[in-house]
Amino acid sequence: MSAIFEVRNLKRSFGGLAVTNDVSLSMAPGDRVALIGPNGAGKTTFVNLVTGNLEPDAGEVRIGGESVTNVNAIDRVRRGLVRSFQVTRLFQDMTPAEHVALAILQRDGRAGRMFGNFLSMPGVMAEVGVLIGKLGLRDLAHRPVREIAYGQQRLLEIAMALALKPRVLLLDEPAAGVPQSDTGRIERALADLPDDLAVLMIEHDMDLVFRFAKRVIVLAAGTVIFDGSPADVTKDPRVREAYLGSYADASSAA
Amino acid sequence: MTTATTNQAEAPLLSGRHGLGRDLAALAVILVLAVIGYLLFPNNLALLTRIMAIALLVLSLDLVTGYCGVATLGHAALFGSGAYAAGIAAVHFGITDPLLMVAAGIIGGALAGLVCGVVILRAHGLPQLVLSIALIHLFHEFANKASSWTGGSDGLAGIAPDPLFGIFAYDLWGRTAYVFAVVLLAIVFMFLRLVVRSPFGMLCRGIKEDPIRIQAMGGSPTIALLKMYVISGAVAGVGGALNAVSTQVVGLDSLSFTLSAESLVMLVLGGTGSLFGAVTGTIVFMLFEDLVSAANPFHWLTMVGALLIAVVLFAPKGLYGTVAEVLARRRGAGR
């Protein structure tokens, strides 16, 4: 299948330190890929390079076969590359319904409309209802976000990302900071993501990675040291050495 | 829990927050206040008219500061540009119809908004504030130097607006000007209510809180803010034109740093991010200033300062913001 998302030989260094060193990867629609790596491996830099918040020193990023290396961050979103944030970035006084509605209108290029209240736009609200219902946030639709539990805020981040109808979704630690009791709901939401969507998840929680991903990429010191199936990642000696350590023994024993 | 949500997912997601009733209530409040003002101060309508012109400036400031989080101490540039545009239209081009003068004010204010927006939005935080101060001084100095057009430091005099609709002449008691001001303020206020709760208004609130999040949704904060600056300029321009029509003179003070700073004080006094807060702050500040300066011409500024400190310390959301919050909490507790 043709690649929807491609990164070719991406490089970026800060003051002589190569934080992203010749990283390449390719994803097809429907891929479920996890990007893991020890702290300081360059995961965040990689995300920022891909989203256009940082400029690479060399290399190329392609979405749907087109190069977006010289496209700014906003236009990359409009071309279908959407990210979620490691720490939720929501508008504290707005409700989940307003968040999702704003994302829908933004996607349709109608967020600049100066008249009309989207709470009374039936088309928009129907879509909001479907998305919010899917993530189990319906009861909270009209509550300000600051009154909502963190786990549910994370679900709202996913709902907003989906409202933008992405082709490629970057999930930056979708379960970070969520109490153990709520991770099940996030996992269910991830399992329900659209089939044709390419998802790249950055995550520390190895249980989640192994359940979610069909393919794992390991980044260490800015370089891809492994790209293969989850079953093989724990067996790879370089990965063991660089990252998994005792965890690999634990999970292979389990 | 899961079954409950799936069942509910069939029902349409409607909100109880429809605005029409509240809009009419807001309109009624403005008109009632206008009637009370007319009955209480029949001999001081000029002050009330000036309050309404300044209220338009403060509303305009609220759009960029309260709703978008832009820090500015130069907002009178937009108001003064509107005032000079209306005045110059009347004096140099013979456009003396009050409605056309207001239109000139809107264009002048919007253009000034565009210029100021382009400059101010390039920076954030403290540099932004400094840019705004530089801009108001530039505007002031430009008006001062272009004296053949603006009358320089003498002000632009000889503005003689036609009777409104050809019928209602601008009388010595300022009754026509007062009614004109009330109608303009009411129209602008209702217009702004529509704007701030539209998708665009919501987008701006989002930008104020987290512009990076808006970018991640594919929205451009700069374009949205610039648009708001132009709208803000048009609103301030209405205020400036109203001031020109009602006082029949435009002075350099309408383009001053002092007026810019005072309008920010009024906004903070009333409460940022709320249209009623902006109007409340203007009314309280200007009536207080009028009363106190009559009672004690030497120390009135001290008392204005004390009032401001009291509000900032004990009602940090402003007079209107604090009252609204207390009422909302009480309503919440009653449920």
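# Exercises on a two-chain predicted model

The mean positions of the 29 positive and 30 negative charges of chain A lie 4 Å apart. The structure is a predicted model, and the exercises below treat its two chains in turn.

## Exercise 1. Charge distribution in chain B

Task: Determine how many positive and negative side chains chain B has, and how far apart the centres of the two sets lie.

Solution. Step 1: count the charged side chains, which gives 17 positive and 15 negative ones in chain B. Step 2: locate the centre of each set; the two centres are 13 Å apart. Step 3: set beside this the value for chain A, where the corresponding separation is 4 Å.

## Exercise 2. Overall form of chain A

Task: State which secondary structure chain A contains, and assess its radius of gyration against the globule rule.

Solution. Step 1: chain A is made of 10 helices and 10 strands. Step 2: for 254 residues the globule rule gives 18 Å, and the radius of gyration of chain A is 19 Å; the two values are close, so chain A is as compact as a globular protein of that length. Step 3: along the principal axes, the C-alpha atoms of chain A occupy a box of roughly 60 × 45 × 35 Å. Step 4: 56% of the 254 residues count as buried. Step 5: of the contacts in chain A between residues at least 6 apart in sequence, 65% link residues at least 24 apart. Step 6: the accessible surface of chain A is about 10400 Å², and carbon and sulfur atoms account for 48% of it.

## Exercise 3. Overall form of chain B

Task: Carry out the corresponding analysis for chain B, beginning with the number of helices and strands.

Solution. Step 1: chain B has 15 helices and 0 strands. Step 2: a compact globule of 335 residues would have a radius of gyration near 20 Å, and the 21 Å of chain B agrees with this. Step 3: the box filled by the C-alpha atoms of chain B, taken along the principal axes, is roughly 75 × 45 × 45 Å. Step 4: buried residues form 50% of the 335 residues. Step 5: among contacts in chain B with a separation of 6 or more, 78% are between residues 24 or more positions apart. Step 6: chain B exposes about 15500 Å², with 71% supplied by carbon and sulfur atoms.

## Exercise 4. Two helices of chain A

Task: Establish how many residues of helix 1 and of helix 5 of chain A are buried, and test the span of helix 5.

Solution. Step 1: helix 1 covers residues 43–51, and 7 of its 9 residues are buried. Step 2: these buried residues are Lys43(A), Thr45(A), Phe46(A), Val47(A), Leu49(A), Val50(A) and Thr51(A). Step 3: just after helix 1, Gly52(A) adopts a positive phi of about 90 degrees. Step 4: in helix 5, 13 of the 14 residues are buried, so the rest of the structure largely encloses this helix. Step 5: at 1.5 Å a residue, helix 5 (residues 150–163) should span 20 Å, and its end C-alpha atoms are indeed 20 Å apart.

## Exercise 5. Positive phi outside glycine

Task: For Lys165(A) and Gln248(B), state where each residue lies and whether it is exposed or partly exposed.

Solution. Step 1: recall that most residues other than glycine have a negative phi. Step 2: Lys165(A) has a positive phi near 50 degrees and is located in the loop between helix 5 and strand 7 (168–172) of chain A. Step 3: its relative accessibility is 55%, so Lys165(A) counts as exposed, the cut-off being over 50%. Step 4: Gln248(B), likewise not a glycine, has a positive phi of about 60 degrees; it belongs to the loop between helix 11 (221–247) and helix 12 (257–270) of chain B. Step 5: at 31% relative accessibility, Gln248(B) counts as partly exposed.

## Exercise 6. Surroundings of two buried residues

Task: Identify which residues Thr20(A) and Ala111(A) contact beyond their neighbours within four places in sequence.

Solution. Step 1: Thr20(A) lies in strand 2 (residues 17–27) of chain A and is buried at 2% relative accessibility. Step 2: its contacts include Leu10(A), Arg12(A), Thr45(A), Phe46(A), Leu49(A) and Gly222(A). Step 3: of these, Thr45(A), Phe46(A) and Leu49(A) are among the buried residues of helix 1. Step 4: Ala111(A) is in the loop between helix 3 (96–107) and helix 4 (122–134) of chain A and is buried, with a relative accessible area of 3%. Step 5: Ala111(A) touches Leu105(A) and Gln106(A), and also Pro199(B), Phe200(B) and Leu203(B) of chain B.

Definitions and conventions: Residues are numbered from 1 along each chain as its sequence is written. Chains are lettered from A and ligands numbered from 1 in the order in which they are written. This is a predicted model: local features need pLDDT of at least 70, side-chain atom pairs count only at pLDDT 80 or more; totals for chains, interfaces and linings use all residues. Side-chain values use heavy atoms; hydrogens and water are left out. Helices (H or I, at least four residues) and strands (E, at least two) are DSSP runs, numbered from the N terminus. The radius of gyration is taken over C-alpha atoms; the globule rule is 2.2 Å times the number of residues to the power 0.38. Buried means under 20% relative accessible area, exposed over 50%, partly exposed in between (1.4 Å probe, protein chains only). Contact means heavy atoms within 4.5 Å. Accessible areas come from the Shrake-Rupley method with a 1.4 Å probe; for residues, only the protein chains shown count as cover. Lys and Arg count as positive and Asp and Glu as negative; His and the chain ends are not counted. The place of a charge is taken as NZ of Lys, CZ of Arg, CG of Asp or CD of Glu. The expected span of a helix is 1.5 Å times one less than its number of residues.
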